[in-house]
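Colleague: I keep meeting words like "buried" and "oblique" in structure descriptions. Could you show me how such words are earned?

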Amino acid sequence: NVGENGIWGDVDGNGLPYSGWYAPAVNLHRSPFAGRNFEYYSEDAILSGKLAVNVINGAKTKGVYTDLKHFALNDQETNRGGIATFCTEQALRELYLKPFEIAVKGSDNPAEVPSADGLTAYQGTSGVMSSFNRIGTKWTGGDYRLMTEILRDEWGFEGLVISDYKTSNSVMDARQMLYAGNDLILTYMWDDAAATSPEDVTILRQAAHNILYTVANSNSVNVKVLGYRTEWWITLTIVLDCIAAVGIAVSGFVVFRGTSTKRKSQ
């Protein structure tokens, strides 16, 4: 249903699609008082991951990319910004990261059966949303170990990572985020990047690549989407180019014919 809604498009009714979805969410039901239990699947890591894979692939069949959230260890809703969450690495990998790993890789089993169309194997998510909290003392979206070493280097993730909603008093530092491998920050931009800094330019280029890669593999570039509308200036440019091409062809024909007639008369 989400994929179908994405194809039908936004509330303005202009026929342009929804291309991204801030979901699914796979944090575990660790406590009955967790603020997002209604949104998360289960207390079981494997079940949560497998449910997410099917949701992700259902949306992807309609060109909707998913931002898997909240990566990672989000465990409360009230006062969740910057809260320090402590966990052993063993528990983190066996429980709280496991559903994310399954959803990123597309399976917990390399020999997973093909998807419903019978042609393509299960694919993982194209997007991830980092969480508000810290793991230990470091904000998740600014944690290079989580965003790059685990997510990209270990799991092979190639899409975009977006932060959760940033407020003015948030611990979410844009420079820290981008250098960690988190590509987008909700509401705020990185406004102190230096154009003369090779490091800053390289980091921004990589973030732009990750974003564009994800968007290019969504329905946003599908010209067959119902109601797709080309910008008026692009249409005008195409029309003018066609008129110019016809004019050049006609002029060339007239010149050639005049030259040919002149030679025959001589």
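Modeller: Happily! Let us start with a cut-off: a residue is called buried when its relative accessible area is under 20%, exposed when that area is over 50%, and partly exposed in between. Please keep in mind that this is a predicted model.

Colleague: Then why is Lys-69 called buried?

Modeller: Its relative accessibility is 8%, and buried means under 20%, so Lys-69 counts as buried. You will find Lys-69 in strand E2, which covers residues 65–71.

Colleague: What surrounds Lys-69 there?

Modeller: Setting aside neighbours within four places in sequence, Lys-69 is in contact with residues including Tyr-22, Ala-23, Pro-24, Arg-36, Glu-39, Phe-100 and Met-129.

Colleague: How do you know that the side chain of Lys-69 and the backbone oxygen of Tyr-22 make a polar contact?

Modeller: A polar atom of the Lys-69 side chain lies 3.0 Å from the backbone oxygen of Tyr-22. The cut-off for such a pair is within 3.5 Å, so the distance of 3.0 Å meets it.

Colleague: Phe-100 was one of those contacts of Lys-69. Which residues of helix H4 are buried?

Modeller: Phe-100 is one of them, together with Pro-99, Glu-101, Ile-102, Ala-103 and Val-104.

Colleague: What makes H4 largely enclosed by the rest of the structure?

Modeller: Six of its eight residues are buried, and that is why H4 is described in this way. The buried residues of H4 pack against helix H2 (45–60), E2, H3 and helix H5 (144–154). Just after H4 comes Gly-106, with a positive phi near 95 degrees.

Colleague: Why are H3 and H4 called oblique to each other?

Modeller: Their axes come within 5 Å and cross at roughly 50 degrees. Under 35 degrees would count as roughly parallel, and 65 to 115 as roughly perpendicular. The angle of roughly 50 degrees falls in neither range, nor is it over 145, so the pair is oblique.

Colleague: Which residues make that contact?

Modeller: From H3 there are Leu-92, Arg-93, Glu-94, Leu-95 and Tyr-96, and from H4 there are Lys-98, Pro-99 and Phe-100. Sorted by class, the contact has five nonpolar, no polar and three charged residues.

Colleague: Let us move on to a glycine. Is Gly-159 buried or exposed?

Modeller: Gly-159 has a relative accessible area of 4%. Buried means under 20%, so Gly-159 is buried. It lies in the loop between H5 and strand E7 (160–165).

Colleague: Which residue 51 places away along the chain has its C-alpha atom 5.3 Å from that of Gly-159?

Modeller: That is Asn-210. Asn-210 is also among the contacts of Gly-159, as are Ser-126, Arg-152, Asp-183, Tyr-213 and Thr-214. Arg-152 belongs to the buried residues of H5.

Colleague: And the cysteines: why is Cys-87 called partly exposed?

Modeller: Its relative accessible area is 31%, which is neither under 20% nor over 50%, so Cys-87 is partly exposed. Cys-242, with 45%, is partly exposed by the same cut-offs.

Colleague: How many disulfides does a search of the whole structure find?

Modeller: Zero. A disulfide would need a pair of cysteine sulfur atoms within 2.5 Å.

Colleague: Finally, how many helices and strands are in the chain?

Modeller: The chain has eight helices and eight strands. Of its 266 residues, 39% are buried.

Technical notes:
Residues numbered from 1 in each chain as written. Predicted model: local features only at pLDDT ≥ 70, side-chain atom pairs only at ≥ 80, totals over all residues. Heavy atoms only, no water. Buried < 20%, exposed > 50% of the residue type's maximum accessible area, 1.4 Å probe, protein only. Helix = DSSP H or I, 4+ residues; strand = E, 2+ residues; numbered from the N terminus. Polar contact = N/O pair within 3.5 Å; in protein donor to acceptor, adjacent residues only side chain to side chain. Contact = heavy atoms within 4.5 Å. Axes fitted to C-alpha atoms, helices over the stretch in contact; angles between N-to-C directions. Nonpolar A, V, L, I, M, F, W, Y, C, P; charged D, E, K, R; others polar.
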